[in-house]
Amino acid sequence: MKKILKWSLVILFVVLLIDLGIIGIKIFSHDYDVIPESYIGYVCFLMLAVCGILMLFSTRCPYCGKVQITKGKYCPYCGNEKNSGNSKVEK
Ligand SMILES: [Zn+2]
């Protein structure tokens, strides 16, 4: 799961950079019709923010180190109880 998040972050970042580059080139050539590009940039930026927040808030198993989005009490990978090591899990 972490790999997917990481790769989507990288891809979104690259798309955002390319998009900003296109906007820059268009403005340099005095073509101010950059509304679709700015929408793409906006969406990419939002998705980047969401991915970043997901990465920050996903809990990591203290035993095997795998990241879980789910809020179960036990790690689905190694079966250990999660909240004995990581104090971030409540209830
Ligand atoms: Zn685990």
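Read from the N terminus, the elements of the protein chain follow the order α-α-β-β. That comes down to two helices and two strands, in what is a predicted model.

How sure is the predictor, then, and where does its confidence dip? The protein chain has a mean pLDDT of 81, with 85% of its residues at 70 or more. Looking element by element, helix 1, which covers residues 2-28, comes out on top with a mean pLDDT of 88. At the other end of the ranking sits strand 2, made up of residues 67-68, where the mean is the lowest of the elements at 72. Residues 85-91 are another matter: pLDDT stays below 50 over this stretch, although the model still gives it eight contacts beyond near neighbours in sequence.

As for the chain overall, buried residues account for just 8% of the 91 residues in the protein chain. Contacts tell a further part of the story. Taking those between residues at least 6 apart in sequence, 38% link residues at least 24 apart.

One residue deserves a closer look, namely histidine 30. It lies in the loop that runs between helix 1 and helix 2, the latter spanning residues 35-57. The backbone does something worth noting here, as phi of histidine 30 is near 55°, a positive value in a residue that is not glycine. Is histidine 30 buried or exposed? Histidine 30 counts as exposed, because it has 6 C-beta neighbours inside 10 Å, and a residue with 12 or fewer falls in that class.

Key. Residues numbered from 1 in each chain as written. Predicted model: local features only at pLDDT ≥ 70, side-chain atom pairs only at ≥ 80, totals over all residues. pLDDT = per-residue confidence, 0-100. Helix = DSSP H or I, 4+ residues; strand = E, 2+ residues; numbered from the N terminus. Contact = placed C-beta atoms within 7 Å. Buried ≥ 20, exposed ≤ 12 C-beta atoms within 10 Å, placed from the backbone.
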